[in-house]
Structures are given as structure tokens and as C-alpha cells.
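Trainee: Before accepting the terms used for a structure, I should like to see how each is justified.
Mentor: Then let us set each value against its definition.

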Amino acid sequence: MLKEMLQNNRFYILKHKDQDVCILELNAMSGKIVSAQVLNVQYMPNLGNPDIQLLMKWWDHRAIPQNRPELIELLKQNQCQNAEQYMVKNLALSMTDAYWICPDGIDLRWKDVNLYTHHEHTIEFHSVDGMNYSTRNATLGGSLDKRIVYAADGPELHKSSETLDGQQSINEAFASLVHKNQGFKNYIAYGLSFDEEHRCSACICPLFTNEKIEYVPAYELVSSEKKPNSMSMFEFYIHLCVKHGISEDVIRKQMDYMILSDYLMTNTDRHFENFGLLRNSDTMEMIAPAPLFDSGNAMFYKDAYGKSRVDLAETQVNSFTGFEWKMLSYVSDKAAIDLSKMPDQTFTQRFYETCGIRKEKARTIAANYQTKSEMLMDFQRGISISLYHEKQKEKEVREVSSYKTLDELLAEINVNK
């Protein structure tokens, strides 16, 4: 049994460009890390943390998520059993960072495999033990189908959105419009692709990484050290950014704007992999906050009904806190968003209709967005925004308007018999 297990394991060098980082023993069937020997702590993922369990989590994060619609077909075409095995077959290459794996016994250099020089599907080779390898981007995260297209101006990310009338892609374009109107510079501009029936099928954007610049998601920063109990996760993230060379003023301005714009557009999925920092992949020095991207799960994309302020205050998010209104407590500069420069309700409805959203849904999106604008305006004026306060306001409105429940109406009818 032990002999069979060893035969199922293969050895690789985890590399960062041409730096040997650690020796990985990977299970050939599952693609998971069995063991690891650190060679160069400085270049380890998670900002150089040598913890092997942490490395294993990083490796699992790197694979294409299991819920991606195209994964089954990808695995079938490449004769792989799971996303990790597919990632190993493609050397764990990515277009977001410079990490990759080199099979033991094969002499490969970064220049031989990096996807900026060698477009996808251009290199295939075999190892001495009969394994087949190729160079594809097998690490793109997220739940929507994605692919890299090599355009004349550089690599582009094409993200499909064929459900919900393509609204997740349309939301990316709307967010780009918001950032542009604000004069905010650090964002990724998205364009849209339409099919022959004018249905939005995908959003398209340039990559913000290249051979010299890589992306370090927030989860790698906050995983690199143990958080003090006395510090919130938000302040811990700020602390780590400053520790690694980002000006506190710069990172707080970025986070203020991100939180307020996400709140306005009800972006519910600002998790720790879709914001972070940019790093020089040669010197390993942090450069700046990464541009804002990935606002698809916003603008009530799953909701087909109008929402009250209480409904909106109950919005749950995947971020530093579980509720959207609590995110506002982290904002230092309430004026980081200028509401006078925001698209109004009429324009917002017209925008979504023009992009193929049904009129009734576009009207609902615009109405809910207008309510959020009013709530954000209240916040900027110093009025508390919380679920408790919104319920109190709703109760006061009901009392003023002589609100009566069904039971109260029935009781009144019985009295007047």
C-alpha cells in the first residue's frame, strides 16, 4: 500500500519566476500537496510565511473553483479528475502572479513558460515519467466562466455572464461609469459584449498585471501574520499594508472609496480575494493598492422587487463584516464619494434598459439604487445608518400614518358590529 501511495506522488519545485521557493510532493490523482520543503522563505506565498498548512490553503485557493460552469468540460477535455489535477497539468501558471511549478527532472525557466510571452495552448511537453504538461491559465478564480484573450493592445479578461439577463456583466460597466464620473483613477474599466439578440453575454477588461507587476490579494496579507485580538480585521489589513510599504493615507483613501461605492451599488461580494495590493514581481516590494475590479454581484442582481430602507439595511455581504451597514463604520472620510456626480435614478434605469435588462427589472434596480443614494446621503450628513435605526424610522412612519396591522383592522371591525 505504501509503495502504491509513493508511486501516486510526484515532486515539483514551486518557483517564483526563476527563484526556487520550495519542493512540493503532490498526489498525482488529487493534485493536492502531500508534503513541502521550504527552500527560500522570502519568496513563499502569504508574504513569506513558511507555515506548510498555510501553503496548502494557498494551493487550494489557486485552483479553479468547483462551482464554475465550464469546469466539467475542461476536466473532460484534459482527462483530469479535478481542478487541482488540471492546475498541476498546466504547471499552476497564472496571469495574476509569477508563481508556477516545475516538474522534477525537467529543465525549465520562467522565460520558457510565462503566459505573457507564450500564449495559451502553445507549449506541450512530456516528463520522463510519462506525465503530459501544457501551458494554460488554469488558476482563474471566481464563479463565472473566464478566459484570457490576447488582443492587439495586450491580454484581456473575458468574463461570461449568460444568466440573470447578463446583469452581472452589466454591473461591471455601470461600476466603471460610477468611478469615471467620480474622477477616481484606480479602477479597471469594463466593456460589454452582446449577442445577435442584443443580450449581454460577457464583460471585457484589460489585465492589471504583467511580467513585472503581480497581484497580492488581501487574504494573503491577513494570512501572513496572526491578528492581535485587540485589532479589528479591517485595521489589521491597514496595518499590514503600511508595514509592507503602502502609505496609510493612500490605503485609507482607497478603502474609504471602495466601501462607499460598494455600499451605493450594493456590491455584496467584496471578499478578500477581489481586493488587495500590487507588487513588483522582481523586487517583491509592494507598489500600490490594486485597482478596483469585480463588482458584478451588485445592483440587486438577484432581486426582482423593490426594497424598503429596512430591507436594504438587512443586506448581508461577504467582506470584513457580515452586514453592509456595518462596513460604513470603517470609513474615515464620509465625503470620499460625491453623490452629486452619481448617475441619477432616471439615467440608471435607462442604462440598464439599453444594456438589455427588462424594463420592469431596470425600474426596480433604479428605484432601489435611489433609496441607497438617499441612505448614503443621510450617512454623509451624520445620521446613523443601521438596522436598528431603520426599523425605528419605519415604526415612526407607521405611527404617523395611522398604520394598522391586519389583526388591528379585524378587531376594529368586530368592535363596530
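**Terms and their grounds**

Trainee: Why is arginine 62 called buried?
Mentor: This is a predicted model. Arginine 62 has a relative accessible area of 7%, and buried means under 20%, so arginine 62 is buried.

Trainee: What makes the pair of aspartate 97 and arginine 62 a salt bridge?
Mentor: The side chains of aspartate 97 and arginine 62 meet at 2.8 Å, N to O. The definition asks for a side-chain nitrogen of Lys or Arg within 4 Å of a carboxyl oxygen of Asp or Glu, so the pair qualifies. Side chains of opposite charge can pair when their charged atoms come close.

Trainee: What parts of the chain does this pair tie together?
Mentor: Aspartate 97 lies in the loop between α5 (83-89) and β4 (99-103), while arginine 62 belongs to helix α3 (residues 52-62), so the pair ties together parts that are 35 residues apart in sequence.

Trainee: Is aspartate 97 buried or exposed?
Mentor: Its relative accessibility is 9%; because the limit for buried is under 20%, aspartate 97 counts as buried.

Trainee: How do you know that lysine 159 and glutamate 172 form a salt bridge?
Mentor: The N to O value is 2.9 Å, and the cut-off is within 4 Å; the pair is therefore a salt bridge. It links distant parts of the chain, with lysine 159 in strand β8 (residues 154-160) and glutamate 172 in helix α7 (residues 167-182), 13 residues apart. Both lysine 159 and glutamate 172 are buried.

Trainee: Why does the pair of lysine 307 and aspartate 303 count as a salt bridge?
Mentor: The closest N and O atoms of lysine 307 and aspartate 303 are 3.5 Å apart. That value satisfies the requirement of within 4 Å, so the term applies. Lysine 307 and aspartate 303 are buried. Elsewhere, Arg309, Asp378, Glu390 and Lys393 are joined into one network by salt bridges that share partners.

Trainee: How many salt bridges does the whole structure hold?
Mentor: A search of the whole structure finds 24 salt bridges.

Trainee: Why is leucine 410 called partly exposed?
Mentor: Leucine 410 has 43% relative accessibility. Buried means under 20% and exposed over 50%, with partly exposed in between, so leucine 410 is partly exposed. Leucine 410 is placed in helix α16 (residues 406-415).

Trainee: What makes Leu406, Leu409, Leu410 and Ile413 a patch?
Mentor: They form a nonpolar patch on the surface, with about 390 Å² of accessible area together. Members of a patch must have over 30% relative accessible area; at 43%, leucine 410 therefore meets that condition.

Trainee: Is leucine 74 buried or exposed?
Mentor: Leucine 74, in helix α4 (residues 71-77), has 18% relative accessibility. Because buried means under 20%, leucine 74 counts as buried.

Trainee: Which residues is leucine 74 in contact with, leaving aside its neighbours within four places in sequence?
Mentor: With those neighbours set aside, leucine 74 is in contact with Ile64 and Tyr86. Contact means heavy atoms within 4.5 Å.

Trainee: What of the chain as a whole?
Mentor: The chain has 16 helices and 13 strands. Of its 417 residues, 50% count as buried. The chain exposes about 20300 Å², of which carbon and sulfur atoms supply 51%.

Technical notes: Residues numbered from 1 in each chain as written. Predicted model: local features only at pLDDT ≥ 70, side-chain atom pairs only at ≥ 80, totals over all residues. Heavy atoms only, no water. Helix = DSSP H or I, 4+ residues; strand = E, 2+ residues; numbered from the N terminus. Buried < 20%, exposed > 50% of the residue type's maximum accessible area, 1.4 Å probe, protein only. Areas by Shrake-Rupley, 256 points an atom, 1.4 Å probe, with all protein chains shown as cover. Patch = residues over 30% accessible without salt bridge, like charges linked within 9 Å, V, L, I, M, F, W, Y side chains within 5 Å.
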